[in-house]
Amino acid sequence: MSVTNALMRRGTELAVNRMQSDKVEQQLNGGVVALVAITATLFCIAFWSIEYTYGMVISTLAAVEDTNPDIYVRITSDPDPTKPANDQEDPELVAPTPLKPITSKLRTTVKHLRSRAGFWSRFRGMGMFLAYSVLRGTLFSWCPVSSYLLQFIVQSVLSVGLATWQMAWVHIVITEPSPKRFYQRIPSYKTWIKIAPAAALQDILTAAGFFIPMAAVKLAGWLDVPGDQDVPSMVGMYRFMGASVIPAVLAFLISMPARVIFIRVAASMLPEEEETIVPFDRSFGGKVSPAITGGSGKIGLMDAWTTFDWAARVRFAKVIGKTFAMQMALGFFAALVFGAEIVLLIKTAKPADSDAPRI
């Protein structure tokens with residue numbers, strides 16, 4: 001999120017500055033402008049929905065689901081009312097033969113979530129997510145920073161400081177529906193001490209993978225704009241976007257294993273009274289010692305990764321890969337639509353000094 005926000009903020013600033021530097025020579029058609037704005041809003045919602053449902057919710061479930069559980073959750077459609085009650089299958093039963101993990105397919109996972117948590121289950125945890133995002137964004141806005149290194153420090157401090165909020169989101173996503181409000185799921189300060197190392201590993205490494213290379217690029221002068229220009233040109237914007245690719249990819253590669261570790265550490269501290277929505281081994285193969293017996297009550301950072309077996313890693317990678325493929329396909333379609341609308345916008349534009357009435 002911090003990487004995406006930084007790219008969008010900087011890219012928007014450059015684009016706006018460029019538009020302000022151009023002389024307005026044509027009057028655009030108001031109806032077409034409104035159409036472009038509505039289309040952009042719809043595509044933003046679509047991109048966000050894909051990212052949240054598949055890139056966040058389902059990937060989190062894939063990170064905690066046990067590959068070979070003793071109890072399997074069978075995915076079934078609504079019970080047939082014409083069958084006798086004793087012929088109905090129990091949703092949880094011991095399978096005579098191994099079944100595929102629920103998160104092995106996106107459609108299977110969505111179907112399972114809907115059967116357990118209703119139609120809006122693909123957006124489960126939304127209240128906690130919005131609260132976290134708004135609070136973090138507000139706190140960041142109170143700390144005006146200009147350099148990438150300062151952004152890295154501030155983003156990292158905020159992420160680690162709100163680690164229990166991120167932990168609460170994980171608990172909401174991986175558990176059965178609860179009557180508790182999202183803010184009632186936020187753990188205490190004592191829990192923050194336990195989850196902070198995992199949050200630091202995830203957020204600091206991810207932010208460092210992006211902001212430190214960007215600081216080096218800035219120091220090297222690759223993002224500088226010629227001094228005779230009052231505002232950044234389109235060339236400057238293209239250079240910024242091109243120079244951001246490698247840091248963004250680096251941050252993405254670093255974030256994946258660090259994110260898995262955070263999710264699994266957070267899941268290991270799930271309260272006993274909470275039931276998971278997918279098969280889940282609370283003991284992580286015996287690596288977790290319950291706090292009631294004097295143990296830490298959580299899994300260590302290294303154990304969180306080593307207990308993430310190869311089949312689960314492949315499953316998690318497939319979820320991320322499919323999410324990326326859907327976003328690329330939607331991006332290609334969006335480019336075609338926006339291309340057509342821009343052509344229409346140009347064709348319907350009129351000279352600014354035209355006597356025709358303005359819309």
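Two rings of Phe, Tyr or Trp (for Trp, the six-membered ring) make an aromatic pair if their centres lie within 6.5 Å. In this predicted model, the structure holds 14 such pairs. Take Phe-182 and Tyr-183: their ring centres sit 5.5 Å apart with the planes at 80 degrees, and since planes over 60 degrees apart count as edge-to-face, that is the label this pair gets. Phe-182 itself is partly exposed, with a relative accessible area of 31%.

Another pair joins Trp-305 to Phe-308, and this one is tilted, with 5.8 Å from centre to centre and 45 degrees between the planes. The two partners differ in how covered they are: Trp-305 is partly exposed at a relative accessible area of 26%, whereas Phe-308 is buried, at 2%. Ring pairs also build a cluster, which links Trp-48, Tyr-52, Phe-119, Trp-120, Phe-123, Phe-129 and Trp-169.

Now for the chain as a whole. Its secondary structure adds up to ten helices and four strands, and along the sequence these come in the order α-β-α-β-β-α-α-α-α-α-α-α-α-β. Of the 359 residues, 39% are buried. The chain exposes about 20,100 Å², with carbon and sulfur atoms supplying 65% of that area. As for who touches whom, take the contacts with a separation of 6 or more: 79% of them are between residues 24 or more positions apart.

One helix deserves a closer look. Helix α3 covers residues 106-117, twelve in total, and spans 16 Å from its first C-alpha to its last, close to the 16 Å expected at 1.5 Å a residue. Which residues of α3 are buried? They are Leu-106, Thr-109, Val-110, His-112 and Leu-113. Looking down the axis of α3, these buried residues fall within an arc of 160 degrees, so they line one face of the helix. The spacing rule behind such patterns is simple: an α-helix has 3.6 residues a turn, so residues three or four places apart point the same way. Right after α3 comes Gly-118, whose phi is positive, near 90 degrees.

Finally, the cysteines. The count of disulfides in the chain comes to zero. Among the cysteines, Cys-44 is exposed, with a relative accessible area of 53%, while Cys-143 is partly exposed, at 33%.

Terms used
Residues are numbered from 1 along each chain as its sequence is written. This is a predicted model: local features need pLDDT of at least 70, side-chain atom pairs count only at pLDDT 80 or more; totals for chains, interfaces and linings use all residues. Side-chain values use heavy atoms; hydrogens and water are left out. Helices (H or I, at least four residues) and strands (E, at least two) are DSSP runs, numbered from the N terminus. Buried means under 20% relative accessible area, exposed over 50%, partly exposed in between (1.4 Å probe, protein chains only). Contact means heavy atoms within 4.5 Å. Accessible areas come from the Shrake-Rupley method with a 1.4 Å probe; for residues, only the protein chains shown count as cover. A disulfide is a pair of cysteine sulfur atoms within 2.5 Å. The expected span of a helix is 1.5 Å times one less than its number of residues. The arc is that of the directions from the helix axis to the C-beta atoms. Rings of Phe, Tyr and Trp (its six-membered ring) pair if their centres lie within 6.5 Å; planes under 30 degrees apart count as stacked, over 60 as edge-to-face and the rest as tilted.
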